[in-house]
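Hi,

Here is the structure I promised to pass on. My notes on the aromatic rings follow below it.

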Amino acid sequence: MKKWISAWLCMLFSLSPLIAQDGVEIFGYFESQIMGTKLNNDFIQLYSNKLRLDLKSNISKNITFAANFNYITYHGKTNWNILDFLPQDAVAEVPPGMEAFYVLPFENRHFLDNAFIKLSFKQFDLTVGKQQISLGTGYVWNPLDVFNIKDVLDPTYEQPGHNAIRLDVPLGSIYTVTTLFSPEDNWENSAKLLQFKGRISHFDFSLNAIEKTWCFHDYKQFDFESMNFLEMPERRRLLGASTAGELFGLGVWAEYAYNWMKISEDFYELVVGTDYTFDFQTYLMIEYYRNTLGKTDYTQYNLNDWMRLLATEQKAISRDQVYLFIQHPATDLLNIGLSTIYGLSDNSFALVPTLNYSLSDNVEIFAYLNLNFGSEGKVYSRKMGNGGLIRVRVYF
Amino acid sequence: MKKTMILGLLVLLMTPGLFSQELTGEEIIQKVNDLFNFDSSYSKSKMTIVTTSGQKRTFISESWSKNKGEKNLVRYLEPRRVKGQAVLMLNNADDIWMYFPRTQRVRKLASHAKKQKMQGSDFSYEDMGSGDAFIKDFSSKKLEDEKMEGHDCYKLELSRKPDGDVSYSRLIMWVIKENFVPVVIDYYDEDDPTLWQKRMVESDIRIIDSIPTAMKIVMINKNDNSQTEMELLEMKYNTPLDDKMFTERELKK
């Protein structure tokens with residue numbers, strides 16, 4: 001407790017000279033959330049409170065500073081035994097005596113999520129510091145995004161910041177070249193990105209080349225020095241493209257990435273999506289995702305596959321998936337929706353009814369249920385637990 | 001001298017529509033269209049949604065337009081929940097991009113997104129649209145003149161052309177004779193031209209930079225029993241705007 005108070009005080013003191021400046025905006029949100037799931041015969045609940053404090057200052061005409069600090073507390077069931085959610089076959093792979101390591105702790109934390117300075121000139125934008133990196137046109141899955149993995153149940157939630165130096169050079173009003181360097185302990189392990197973006201007719205496109213070290217873990221070996229599962233870093237080189245536009249009145253997008261791995265097998269990812277808004281305001285979206293790292297036979301999912309999926313190290317363990325989303329504004333303030341995620345490779349699916357209500361100008365409520373219908377061992381199996389989430393967010 | 005006078009009178013008499021000839025529906029809608037299509041503009045507006053249950057939601061946004069509305073940029077300032085969200089529309093809203101500052105993502109939207117409600121209001125992006133929609137997508141017919149909202153008005157019926165790319169089958173428009181401001185527009189259902197959906201009423205008309213401008217627009221939704229009021233807080237016409245303002249780069253600022 002003492003630590004957090006000190007951190008807050010430190011932050012406030014360090015911010016005070018900034019706040020004293022003219023033009024420093026302070027904003028953010030407070031979010032309270034309850035998440036529950038029915039597991040076997042129990043209903044387990046996890047509560048969390050998150051305070052996000054944003055700062056933005058236009059230091060001069062060409063220089064912007066922005067940062068945000070997150071403070072999160074957890075309550076209720078704060079230690080989740082991952083093995084409770086896994087199929088028997090995977091649990092059987094756990095080395096004897098290591099069962100206690102498969103616990104996911106939700107610990108209170110505070111951290112500087114983003115903090116960057118952006119220099120904007122006629123010829124270029126240079127962004128230095130911890131910043132969000134968003135790549136690709138997919139809604140749920142982004143083959144090009146080697147920095148983030150979205151939650152399929154909540155794909156629009158903000159992604160964490162990454163330490164990087166980014167240079168955007170506009171070539172006229174249509175084309176942009178972007179280079180990004182995300183430093184690690186040495187040049188080889190650091191992430192590098194080169195992107196060319198543009199537009200042809202009504203289609204946006206991007207061509208991308210990325211190199212990044214991918215940090216997998218071997219979830220059958222424990223490293224007592226780092227007190228974590230054994231890290232298996234591996235260099236990943238990617239070439240990919242994305243596009244978004246309109247065809248026959250439908251919104252369409254596609255994203256493709258081929259990955260060359262230094263040690264393990266190469267693989268590719270593909271996303272194709274389409275959407276439409278009907279005259280009665282109902283919105284419909286379908287997205288198909290293929291990841292050849294995923295398996296076609298669910299009996300081949302092993303402990304490492306499951307752990308990498310749950311630890312968001314890997315986007316999918318099932319090769320082909322489809323996401324279907326339908327939303328309708330029930331009133332001016334209430335949107336209701338339904339997502340369906342179907343694992344084509346293992347014939348399992350999840351239904352996710354959603355609700356979004358605007359309680360006042362700056363207060364919104366978001367809720368969803370997560371109902372899995374697959375049999376044990378499949379990616380959306382009932383064993384993963386049926387539950388839901390209610391989130392209230394107040395913006396200030 | 002006599003000859004010159006006679007010639008002059010002849011010219012006057014031969015000039016079509018100078019004195020007595022009535023304007024046709026197409027001519028009136030052309031004048032309405034010309035009124036909307038200024039070279040460039042900047043505005044700051046306040047949008048208040050009154051829901052069926054009587055609750056209010058208020059949004060403040062800034063917008064810039066160029067090339068007679070062919071390029072548009074809208075950026076939300078308030079409330080905090082949507083602050084920084086921005087919409088870029090190019091090619092008369094055939095190309096739309098939306099920027100979400102929380103996720104730093106720019107999403108390209110297809111033109112069907114124009115049918116979506118703007119922030120849950122009774123205005124769709126299409127209603128806010130610009131360019132030549134009244135001329136390009138509708139054919140117009142002049143009806144009997146009427147008094148509306150205290151003004152002497154031309155009454156027009158606009159019917160969607162077979163290839164018209166709009167969500168309304170028909171519009172009835174009352175245009176003030178004095179300045180060609182469309183003071184009231186009734187919108188009819190996409191499929192049923194007898195089904196009245198929404199009414200837009202413009203008021204508080206002021207002359208800004210020689211252009212008659214409605215400072216207040218109310219959209220009444222007959223179906224949902226709700227209404228949205230749009231109030232112009234600031235308006236400038238023909239302000240010099242760089243083309244670079246209407247790019248994805250600017251959208252993210």
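First, the rule: rings of Phe, Tyr and Trp (its six-membered ring) pair if their centres lie within 6.5 Å, and the planes make the pair stacked at under 30 degrees apart, edge-to-face at over 60 and tilted for the rest. By that rule there are 35 aromatic pairs over all chains.

One of them joins Phe278(A) and Phe280(A), which are stacked because their planes are at 10 degrees, with the ring centres 5.2 Å apart. Phe278(A) is partly exposed at 28% relative accessible area, while Phe280(A) is exposed at 54% (buried is under 20%, exposed over 50%, partly exposed in between, with a 1.4 Å probe and protein chains only).

Another stacked pair is Phe349(A) with Phe373(A), 5.0 Å centre to centre and 15 degrees between the planes. Phe349(A) sits in strand β18 (residues 348–360) and Phe373(A) in the loop between β19 (363–372) and β20 (386–395) of chain A, so this pair ties together parts 24 residues apart in sequence. Strands here are DSSP runs of E, at least two residues, numbered from the N terminus. Both rings are partly exposed: Phe349(A) at 28% and Phe373(A) at 37%.

There are charges over rings too (NZ of Lys or CZ of Arg within 6 Å of the ring centre and within 35 degrees of the ring normal). Lys192(A) lies over the face of Trp187(A), 4.7 Å from the ring centre, and Arg107(B) has its charged end over Trp253(A), 4.9 Å from the centre of that ring.

Housekeeping: this is a predicted model, so local features need pLDDT of at least 70 and side-chain atom pairs count only at pLDDT 80 or more, whereas totals for chains, interfaces and linings use all residues. Residues are numbered from 1 along each chain as its sequence is written, chains are lettered from A and ligands numbered from 1 in the order in which they are written, and side-chain values use heavy atoms, leaving out hydrogens and water.

Cheers

Notes: Helix = DSSP H or I, 4+ residues; strand = E, 2+ residues; numbered from the N terminus.
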